[in-house]
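Visitor: I have a protein structure open and do not know how to read it. Could you take me through some features?

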Amino acid sequence: MKVEMQLGSEKLSIETGKVANQADGAVWVQYGGTVVLVTVVAENKESNLDFFPLTVDYRERSYAGGRIPTVYGRREPRPGTGEQLTARLIDHCIRPLFPKDYQVEVQVLCTVLSSDQVHPADVPALIGASAALSISDIPFNGPVGAITVGKLNGELIVNPTYEELENAKMELFVSGKTDAVMSVEGGGEEIPEDEVIDAIVFAHEEIKEITKLQEGLVALCGKPTREYQAEKIDEALNERIRNLATSKMRESIGMEDKQAREDYLEQVQEDVLSEIVDEGLEEADVLTVTQDTISILGKIEKEEMRESILSAGKRVDGRGVEEIRAISGEVSVLPRVHGSALFTRGQTQALCTITLGTRGDEDVQRRLNGESRRSFFLHYNFPPFSTGEVKRMMGPGRREVGHGMLAEKALHPVIPTREKFHYTIRIVSDILESNGSSSMATVCGATLALMDAGVPITKPVAGIGVGLIKEGDREVFLTDMVGTEDFLGDMDFKVAGTRDGVTAVQMEIKIDGVTPELLRKAIHQAREARLFVLDKMNEVISEPRPETSPYAPRIQYLQIPPAKIKDLIGPRGKVIQGIQEETGVTINVEDDGTVEIAAVSVDAAKKAEEMVLAVTATAEVNKEYDGKVVRTTSFGAFVQILPGQDGLVHISQMGDGYVRRVEDVMEVGDEIKVSVLSIDDQGRVDLAIVGADLTPRPPSSDRPPPDRNSSRNRGRGGYRETRGNRYGRSENSRDSRTRRPPRIPKGRV
């Protein structure tokens, strides 16, 4: 079965029944020349986990772009940053659409099989995930659609190409159902809030058509939804636990300290379990009762928190719905780094540091559309101690990659270009304490650290999170959510930007969707909070420092002829490595001959510059050089005037008088001063001696003077008598105007 429609500039087609028929659902999605295979499989039995075990993987095959992997073994490596971010986008969209009590493990695999290197594969992948789930028998409240909205030359466009995205002023990835928006992620160059919402509304109109296309496919080949065992809790046990715990749960509302509140709730749980669990129960029954009790207590906590907010406007930590937690900031907290800041909002704290590097420190990313280099990037770390937990330390997960990329997008529009600021900028955010919105704390802390490092950002950037509690027609937006409100709420809408507009947004929901009207209210509430945070940051540091840290490298640029690059690098890098070892600098060479010299010491940079110029210098006409004779021939001498650069002093240029032999004037190893007469189109240099004693050397006593007319010496400065030519001159007259010079051998410099 196959359905298709026009989407933007290309045709979108969804096909099923041709491949991967043993999966519960499989579709072949094609958009332009990009093809994505999406499969979904669910286990046949429920898991014992207390959460929905959904796994979404997005993989790009190298052959899709006509490449062989460059890593050892020539197999695809673990998913890169781009693949993890796309998988996270898909997860955020489809996860809320599974039944709340569905505990069966589900795996969604998106594999990019072909890439036209024009259209990104993230939109086809999400559409494919929705279509595969919708036609399968897995319980799923879909379908959903997605598009990328770009703003180019003042116009909104659907699914911009890679090239168009490079010049776009805004990029938003929007997903949703027919009647609601599910997720939003992206950024722009200080876009007004209303324009962001207009772009979401524009995207939603296209999404409606995509969902209709999938509904048509479901009508053709959709399977009946499978039965599953819904969660059942004994009503008597539920009533008993509620009588024991409800009043105690209400007392936890208003506790400002996170750890104190968690300790209190843990004690409530222990007290209830001690009342519920009888000593006479079997071990299996004890486990079941314990799990049911914990589940009921969680529901009571959620109900009481939401009701307190909806009815009384009182939040978990006692604040009002629009009240922001206490904010503090400090810069230059680390003495030897290039820039640092500590930003604290309530019980969320981020330590942000700046490291300035050279062009060789740029981040290189390889994806299906080719290789890209980034001179600005941000890394986000979330250690377990930040939440008072003990966990195994591993590499960055999807959450850390996603939070770091969101903060990077927020800051990117204010970062100076490479031409204005010749450094590679790396930001590291270490979350030291977390109780909600750590990614937005990263944006604020990173802005302070950038100004502390002397990076000339155009404007400060701040970020804030806005949540939503919705029950029927009742709804309340929460400014600056804490972790419990995020976990038990319905939406987390993060907005970052300057005073003039939005630079990054991310929306995650846990309900079936929200309307654009609700998003408009949320983004304007976020703007008021963002301006408040910017005022607080301005009290810490208001503008970038005039100079960078004394520990940051000083970067100088030189321009050398591209033909001289090989001379600077030398055989196996011997020359350039020698300069770096001797001076302690770092040197990077571009293909166009741009040489970057980075050093902390000004003297070291100057010395390295002199050495580079000496190695790569080129001869100039009419300029004098101190040279050294490296070889003599019958017609002249070759003199080294620069490293790797020789020139010829012809025997006729060795003096005003007649020179019989080159060795009568100079020998190999002599140091002489020469002037450049000319340089031909092949780079060969002709020299003349200046300011030297040209008195011929006396001949050696152990050998007679050479016979100038002997056949051996013909062409070496001698001559032979011949009859006069028609002009009355001999063919080999001493007159330099008529004497034919010897042929210069080919191959010399």
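Guide: We will go from overall form to a pocket, then to cysteines, the backbone and single residues.

Visitor: What should I know about the model before starting?

Guide: This is a predicted model: local features need pLDDT of at least 70, side-chain atom pairs count only at pLDDT 80 or more, and totals for chains, interfaces and linings use all residues. Residues are numbered from 1 along each chain as its sequence is written, and side-chain values use heavy atoms, with hydrogens and water left out.

Visitor: How many helices and strands does the protein chain have?

Guide: Helices (H or I, at least four residues) and strands (E, at least two) are DSSP runs, numbered from the N terminus. The protein chain has 14 helices and 29 strands.

Visitor: What is the radius of gyration of the protein chain?

Guide: The radius of gyration is taken over C-alpha atoms; the globule rule is 2.2 Å times the number of residues to the power 0.38. For a compact globule of 749 residues, that gives a value near 27 Å, but the protein chain has 38 Å. Look at the spans too. Along its principal axes, the C-alpha trace covers about 135 × 60 × 55 Å.

Visitor: What share of the residues is buried?

Guide: Buried means under 20% relative accessible area, exposed over 50%, and partly exposed in between (1.4 Å probe, protein chains only). Of the 749 residues in the protein chain, 48% are buried.

Visitor: How do contacts join residues along the sequence?

Guide: Contact means heavy atoms within 4.5 Å. Take contacts in the protein chain between residues at least 6 apart in sequence: 69% of them join residues at least 24 apart.

Visitor: Now the pocket. What is the volume of the second largest pocket?

Guide: The search uses a 1 Å grid over the protein atoms alone. A pocket is an open set of points where a 1.4 Å probe fits, with protein on both sides within 12 Å along at least five of seven lines. Grid points are joined across faces, edges and corners, and a volume is the space filled by probe spheres set on the points. The second largest pocket has a volume of about 1900 Å³.

Visitor: Which residues lie nearest its centre?

Guide: Lining residues have an atom within 4 Å of a point. The second largest pocket has 48 of them, and Leu165, Glu166, Glu171, Arg374 and Lys409 lie nearest its centre. Elements that each supply at least two lining residues include α1 (81-94), β10 (181-191) and α8 (398-411). As for classes, Ala, Val, Leu, Ile, Met, Phe, Trp, Tyr, Cys and Pro count as nonpolar, Asp, Glu, Lys and Arg as charged, and the others, Gly among them, as polar. The lining has 19 nonpolar, 15 polar and 14 charged residues.

Visitor: How many disulfides are there?

Guide: A disulfide is a covalent bond between the sulfur atoms of two cysteines. Here the rule is a pair of cysteine sulfur atoms within 2.5 Å. The count is zero disulfides.

Visitor: Why is Cys110 without a bond?

Guide: The closest cysteine sulfur, in Cys93, is 11 Å from that of Cys110, so it is too far for a bond. Cys110 is buried, at 0% relative accessible area. Cys221 is in no disulfide either; the nearest cysteine sulfur, that of Cys110, is 18 Å away. Cys221 is partly exposed, at 24%.

Visitor: Where is there a cis peptide bond?

Guide: Check omega. It is about 0° for the cis peptide bond that joins Gly142 and Pro143. Pro143 sits in the loop between α2 (122-135) and β7 (145-152).

Visitor: Is Asp480 buried or exposed?

Guide: Asp480 is buried, at 0% relative accessibility. Its phi is positive, about 60°, although Asp480 is not a glycine. Asp480 belongs to the loop between β19 (474-479) and α10 (483-488). Asn622 also has a positive phi, about 70°, and is not a glycine. Asn622 is exposed, at 64% relative accessibility.

Visitor: Which residues does Ser439 touch?

Guide: Leave out residues up to four places away in sequence. Ser439 then touches Tyr380, His403, Leu406, Ala407 and Lys494. Ser439 is in helix α9 (residues 438-452) and is buried, at 0%.

Visitor: And a strand residue?

Guide: Try Gly647, in strand β27 (residues 645-650). Gly647 is buried, with a relative accessible area of 0%. Beyond four places in sequence, its contacts are Ala637, Phe638, Val639, Val685 and Leu687.
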